[in-house]
Amino acid sequence: MDTQADIREVLSTLMSRQRLAVLSTHTGGQPYASLVAFAGSEDLRSLYFVTPRATRKFTNLQSDGRVALLVTSSANQEGDFHQAVAATVVGSARELAGPQKEAALKRYLQKHPYLEDFACSPTSALVEVSARTYVLVKNFQNVMELHLDP
């Protein structure tokens, strides 16, 4: 059985290697999914992404910050059924400002330097997802959870 340390190690590797996640928001009982470029903190407590403020996902976040992010190592190959891992991150999202934004933006741009113009645009928002729970799936059906203390 995987220990909490093992789960953290798998999650840390997945979060550092993958560049994209599927963000799930909702409004009026209707789910909505978006592809986002993300970066995460080393302690797994925060994930960051940038979005224009004039998007449906940002509007959804403004009305209800509860979100989920799906990050996977899948390569769309048959071997994924035995080798890929996927993590669902459940948490709450909010736009960052001030010193918190500066530190998070630096981390985001370390992972995505090619998105600097987009990330620094005055029409874009840097969003932090405060992670509460990670649900990790290995070998297509081995499910483990990591709960972070508030």
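Which residues does proline 52 touch, not counting residues up to four places away in sequence? Keep that question in mind as you open this predicted model; we will select proline 52 after a look at the whole chain.

**Stop 1: the whole chain**

Show the protein chain as a cartoon and colour it from the N terminus. You should find five helices and seven strands, in the order α-β-β-β-α-β-α-β-α-α-β-β. The radius of gyration is 15 Å, close to the 15 Å that the globule rule gives for 150 residues, so the chain is as compact as a globular protein of that length. Turn the C-alpha trace along its principal axes, and the spans come to about 45 × 35 × 35 Å.

Now switch on the surface. The protein chain exposes about 8700 Å², with carbon and sulfur atoms supplying 52% of that area. Buried residues account for 41% of the 150 residues. If you colour by charge, you will meet 15 positive and 15 negative side chains, and the centres of these two sets lie 5 Å apart. Contacts are worth a glance too: of those between residues at least 6 apart in sequence, 67% join residues at least 24 apart.

**Stop 2: proline 52**

Select residues 46-52, which form strand β3, and pick out proline 52 within that strand. Show the side chains around proline 52 and you have the reply to the opening question: Phe58, Phe118, Thr123 and Ser124. Next, draw a distance from proline 52 to alanine 125. The two are 73 residues apart in sequence, yet their C-alpha atoms are 5.9 Å apart in space. Is proline 52 buried or partly exposed? Its relative accessible area is 28%, so it falls between the 20% limit for buried and the 50% limit for exposed, and counts as partly exposed.

**Stop 3: strand β6 and its partners**

Select residues 124-138 for strand β6, where eleven of the 15 residues are buried. Three pairings can be followed from here.

- β3 pairs with β6 in the antiparallel sense over seven bridges; look for leucine 47 opposite valine 129.
- β5, residues 85-95, also pairs antiparallel with β6, over eleven bridges; here alanine 87 stands opposite leucine 136.
- β7, residues 142-147, runs antiparallel to β6 and is joined to it by six bridges; find threonine 133 facing histidine 147.

Stay with β6 and β7 a moment longer. They form a hairpin with three residues between them, and asparagine 139 in the turn has a positive phi of about 55 degrees.

**Stop 4: two more positive phi values**

Go to the loop between β2 and β3 and select leucine 44. Although leucine 44 is not a glycine, its phi is positive, at about 70 degrees. With 3% relative accessibility, leucine 44 counts as buried.

Then move to asparagine 76, in the loop between β4 (66-72) and α3 (80-83). Its phi is near 60 degrees, again a positive value in a residue other than glycine. Is asparagine 76 buried or exposed? At 72% relative accessibility, asparagine 76 counts as exposed.

**Stop 5: serine 34**

Finish in strand β2, residues 30-40, by selecting serine 34. Serine 34 has 10% relative accessibility and counts as buried. Leaving aside residues up to four places away in sequence, serine 34 touches Ala21, Val22, Leu23 and Lys57. Show those side chains together with serine 34 for a last view.

Key. Residues numbered from 1 in each chain as written. Predicted model: local features only at pLDDT ≥ 70, side-chain atom pairs only at ≥ 80, totals over all residues. Heavy atoms only, no water. Helix = DSSP H or I, 4+ residues; strand = E, 2+ residues; numbered from the N terminus. Rg over C-alpha atoms; globule rule 2.2 N^0.38 Å. Buried < 20%, exposed > 50% of the residue type's maximum accessible area, 1.4 Å probe, protein only. Contact = heavy atoms within 4.5 Å. Areas by Shrake-Rupley, 256 points an atom, 1.4 Å probe, with all protein chains shown as cover. Lys, Arg positive; Asp, Glu negative; His and termini not counted. Charge placed at Lys NZ, Arg CZ, Asp CG, Glu CD. Pairing = 2+ DSSP bridges.
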